Amino acid sequence: MTLLISTIAACVSTIVWYVKAPQSKTYKVGLLCLMYWGASIMWLGDAIVEYLEIGAEYFSPAPKDMLNDSFLGLSVVTLGIIIWLIVLLAKDPKGVIREMIKN
């Protein structure tokens, strides 16, 4: 589930980046894409190693394991959004925070 959730997040962020290409430098959507694609590659490696260890059982996980993996996948997506927001606020592309500090 972690691989599935992070790959869906990577695909969605890539579509947003592609559609908003001229604005993507302003909003750093490319950074979000790279984080999610990196997480997807990491989970793919994890899935391959786990498949090599347990074999066909990999494709029939217990419901408890699926729930834990879902929470982990959602946590990864949430952490990626939080990091992206921190970078976005630190760069302040529209100057909103600078204006608030000036006043």
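Helices (H or I, at least four residues) are DSSP runs, numbered from the N terminus. The model is predicted: local features need pLDDT of at least 70, side-chain atom pairs count only at pLDDT 80 or more, and totals for chains, interfaces and linings use all residues. Residues are numbered from 1 along each chain as its sequence is written, and side-chain values use heavy atoms, with hydrogens and water left out.

**Exercise 1. Locate methionine 1 and describe its surroundings.**

Step 1. Methionine 1 lies in the segment before helix 1.

Step 2. Its relative accessible area is 36%, so methionine 1 is partly exposed. The classes are buried (under 20% relative accessible area), exposed (over 50%) and partly exposed (in between), with a 1.4 Å probe and protein chains only.

Step 3. Contact means heavy atoms within 4.5 Å. Apart from neighbours within four places in sequence, methionine 1 is in contact with Met66, Asp69 and Ser70.

Step 4. Methionine 1 and asparagine 68 are 67 residues apart in sequence, yet their C-alpha atoms are 8.8 Å apart in space.

**Exercise 2. Determine which residues of helix 1 are buried and how they are arranged.**

Step 1. Helix 1 covers residues 2–19, which is 18 residues. From first to last C-alpha it reaches 26 Å, close to the 26 Å expected at 1.5 Å a residue. The expected span is 1.5 Å times one less than the number of residues.

Step 2. The buried residues of helix 1 are Thr2, Ile5, Ser6, Ala9, Ala10 and Ser13. Seen down the helix axis, these buried residues fall within an arc of 135 degrees, so they line one face of helix 1. The arc is taken from the directions from the helix axis to the C-beta atoms.

Step 3. On the other side of helix 1, Ile15, Tyr18 and Val19 are exposed.

Step 4. The cover over the buried residues of helix 1 includes helix 3 (29–54) and helix 4 (63–91).

**Exercise 3. Examine the contacts of serine 13 and serine 40.**

Step 1. Serine 13 belongs to helix 1 and is buried, with a relative accessible area of 5%.

Step 2. Leaving aside neighbours within four places in sequence, serine 13 is in contact with Val29, Leu32, Cys33 and Tyr36.

Step 3. Serine 40 belongs to helix 3. At 4% relative accessibility, serine 40 counts as buried.

Step 4. With neighbours within four places in sequence left aside, serine 40 is in contact with Leu3, Ser6, Thr7 and Ala10.

**Exercise 4. Describe helix 4 and the residue just after it.**

Step 1. Helix 4 has 29 residues, which should span 42 Å at 1.5 Å a residue; its end C-alpha atoms are 42 Å apart, in agreement.

Step 2. Among the residues of helix 4, Ser70, Gly73, Val77, Gly80, Trp84 and Leu88 are buried.

Step 3. Just after helix 4, aspartate 92 takes a positive phi of about 50 degrees.

**Exercise 5. Find the salt bridge of the structure and characterise its partners.**

Step 1. A salt bridge is a side-chain nitrogen of Lys or Arg within 4 Å of a carboxyl oxygen of Asp or Glu. A search of the whole structure finds one.

Step 2. Aspartate 92 forms a salt bridge with arginine 98, and the closest N and O atoms are 3.8 Å apart.

Step 3. Aspartate 92 is buried, with a relative accessible area of 9%, whereas arginine 98, at 46% relative accessibility, counts as partly exposed.

Definitions and conventions: Helix = DSSP H or I, 4+ residues; strand = E, 2+ residues; numbered from the N terminus.
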